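Reader: I should be grateful for a close look at a single residue of this protein, set in the context of the whole chain. Please begin with the charges and the overall form, and then turn to the residue itself.

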Amino acid sequence: LAHGGHSLKTDLWNGLRGRCPNCGKGHMFRAFLKVADRCDVCGEELHHHRADDFPAYLVIVIVGHLVVPLVLNVEMIYQPAYWVHAVLWLPLTLALALLLIQPVKGAVVALQWHNGMHGFEQAKKLRDQAAAG
């Protein structure tokens, strides 16, 4: 569903890549998980976001759905010692969580931006008006 000339798919893709949901060129993050106050290319304000803990919850669900079936499968087939499980699954879980947290947070911020949530209402109204003509 497109709003103001922006499709949700495109905005989410920009967020996953850590790019500005408005122009797709500027950087969304100024540090690993710190969202920039505004886009460094188009100037779109991004400081309104309220991602809070939602990205972490999503990452927990995603990583859990990837790792738990693997753990159960390995346990059922090989029945390794507990230390083998620890050596396999702890680093994998940590790596997946660290790799996914920034893209997931970017997508959450882009979703909020796209839908005009929290402080993004005014920017969305302006986009919708510009798209309407």
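Author: In this predicted model, the protein carries 12 positive and 10 negative charges, and the mean positions of the two sets lie 5 Å apart. The surface that the protein exposes amounts to about 8300 Å², of which 65% is supplied by carbon and sulfur atoms.

The secondary structure consists of four helices and two strands. Read from the N terminus, the elements follow the order β-β-α-α-α-α. The protein is more spread out than a compact globule, because its radius of gyration is 19 Å, well over the 14 Å that the globule rule gives for 133 residues. The C-alpha trace spans about 65 × 30 × 20 Å along its principal axes. Of the 133 residues, 32% are buried. Where contacts join residues at least 6 apart in sequence, 55% of them link residues at least 24 apart.

The residue chosen for the close look is Gln-112, which is found in helix α3, the element formed by residues 82–115. Gln-112 has a relative accessible area of 5% and therefore counts as buried, the cut-off being under 20%. Leaving aside residues up to four places away in sequence, Gln-112 touches His-49, Arg-50 and Ala-51, and also Met-117, His-118 and Phe-120. To sum up, Gln-112 is a buried residue of helix α3, and among its contacts are Arg-50 and Phe-120.

Terms used
Residues are numbered from 1 along each chain as its sequence is written. This is a predicted model: local features need pLDDT of at least 70, side-chain atom pairs count only at pLDDT 80 or more; totals for chains, interfaces and linings use all residues. Side-chain values use heavy atoms; hydrogens and water are left out. Buried means under 20% relative accessible area, exposed over 50%, partly exposed in between (1.4 Å probe, protein chains only). Contact means heavy atoms within 4.5 Å. The radius of gyration is taken over C-alpha atoms; the globule rule is 2.2 Å times the number of residues to the power 0.38. Accessible areas come from the Shrake-Rupley method with a 1.4 Å probe; for residues, only the protein chains shown count as cover. Lys and Arg count as positive and Asp and Glu as negative; His and the chain ends are not counted. The place of a charge is taken as NZ of Lys, CZ of Arg, CG of Asp or CD of Glu.
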